[in-house]
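Let's take a walk through this structure together, one feature at a time. Have a look at the sequence and the model first, and then read on.

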Amino acid sequence: MTLLALLTSCGGNNPCVEYCKRLDAWYDDCGTTWEAEHPNEDLSSVEDCYDHYWDAQPGRIRTCEQRTRELTSQECY
């Protein structure tokens, strides 16, 4: 089973997975990349984001929920 299949079947209840999806779409819409936005982190793709947040604790889940809401109104810079 591919990572994407696992995410859509198992990760659907994790708000951080939704955050990663929306962030990836935002990067694409704004013409930027994971590498450009996270030069000092190990986030070079949406898959890395999924891995980073897969077992998120409650505090981090709330942060993902907040960041997802912020992305809906965030304009490209």
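Which residue forms a disulfide with Cys20? The partner is Cys49, and the sulfur atoms of the two lie 2.0 Å apart. Please keep in mind throughout that this is a predicted model. The bond between Cys20 and Cys49 links distant parts of the chain, since Cys20 sits in helix α2 and Cys49 in helix α4, 29 residues apart. Its torsion about the S-S bond is about -80 degrees, so this disulfide is left-handed. Both cysteines are buried.

It helps to step back now and see the overall layout. The protein has five helices and zero strands, so that reading from the N terminus the elements run α-α-α-α-α. Of its 77 residues, 31% count as buried. The protein exposes about 5200 Å², and carbon and sulfur atoms supply 47% of that area. How do the contacts spread along the chain? Looking at contacts with a separation of 6 or more, 62% of them are between residues 24 or more positions apart.

Back to the disulfides, then. A search of the whole structure finds three of them. Besides the link already described, one joins Cys16 to Cys64, with an S to S distance of 2.0 Å. Cys16 lies in helix α2 and Cys64 in helix α5, so this pair ties together parts that are 48 residues apart in sequence. With 95 degrees about the S-S bond, the link of Cys16 and Cys64 is right-handed. Are these two cysteines buried or exposed? Cys16 is buried, with a relative accessible area of 0%, and Cys64 is buried too, with a value of 1%.

Another disulfide is formed by Cys30 and Cys76, whose sulfur atoms are 1.8 Å apart. Here again distant parts of the chain are linked: Cys30 belongs to helix α2, while Cys76 is in the segment after α5, 46 residues away. The link of Cys30 and Cys76 is left-handed, with -75 degrees about the S-S bond. Cys76 has a relative accessibility of 43% and therefore counts as partly exposed. If you count the bonded cysteines along the chain, the disulfides follow the pattern 1-5, 2-4, 3-6.

Next, the interior. In soluble globular proteins, nonpolar side chains tend to be buried together. In this model, the largest nonpolar core has 16 residues, and those with the most contacts inside it are Tyr19, Cys20, Leu23, Trp34, Cys49 and Tyr53. Which helices supply at least two residues each to this core? They are α2 (15-30), α4 (46-53) and α5 (58-71). Helix α2 gives the most, with seven residues. You have already met Cys20 and Cys49 as disulfide partners, and both are also among the core residues with the most contacts.

Tyr19 is a good residue to pick out in the viewer. Leaving out residues up to four places away in sequence, Tyr19 touches Tyr53, Cys64, Arg67, Thr68 and Leu71. One of these, Cys64, is the disulfide partner of Cys16, and another, Tyr53, is named with Tyr19 among the core residues with the most contacts.

Now for the aromatic rings. How many aromatic pairs are there? The count comes to three. One of them is formed by Tyr27 and Trp34, which meet edge-to-face, 4.9 Å centre to centre and with 85 degrees between the planes. Tyr27 is buried, with a relative accessible area of 5%, and Trp34 counts as buried at 5% relative accessibility. Together with Trp26, these two residues form one aromatic cluster.

Our last stop is His38, found in the loop between α3 (34-37) and α4. Is His38 buried or exposed? At 13% relative accessibility, His38 counts as buried, because the cut-off for that label is under 20%. Setting aside neighbours within four places in sequence, His38 is in contact with Leu23, Tyr27 and Leu43. Two of these contacts lead back to places you have visited: Leu23 is one of the core residues with the most contacts, and Tyr27 is a member of the aromatic cluster.

Conventions:
Residues are numbered from 1 along each chain as its sequence is written. This is a predicted model: local features need pLDDT of at least 70, side-chain atom pairs count only at pLDDT 80 or more; totals for chains, interfaces and linings use all residues. Side-chain values use heavy atoms; hydrogens and water are left out. A nonpolar core is a set of buried Ala, Val, Leu, Ile, Met, Phe, Trp, Tyr and Cys residues joined through side-chain atoms within 4.5 Å. Buried means under 20% relative accessible area, exposed over 50%, partly exposed in between (1.4 Å probe, protein chains only). Helices (H or I, at least four residues) and strands (E, at least two) are DSSP runs, numbered from the N terminus. Contact means heavy atoms within 4.5 Å. Rings of Phe, Tyr and Trp (its six-membered ring) pair if their centres lie within 6.5 Å; planes under 30 degrees apart count as stacked, over 60 as edge-to-face and the rest as tilted. Accessible areas come from the Shrake-Rupley method with a 1.4 Å probe; for residues, only the protein chains shown count as cover. A disulfide is a pair of cysteine sulfur atoms within 2.5 Å.
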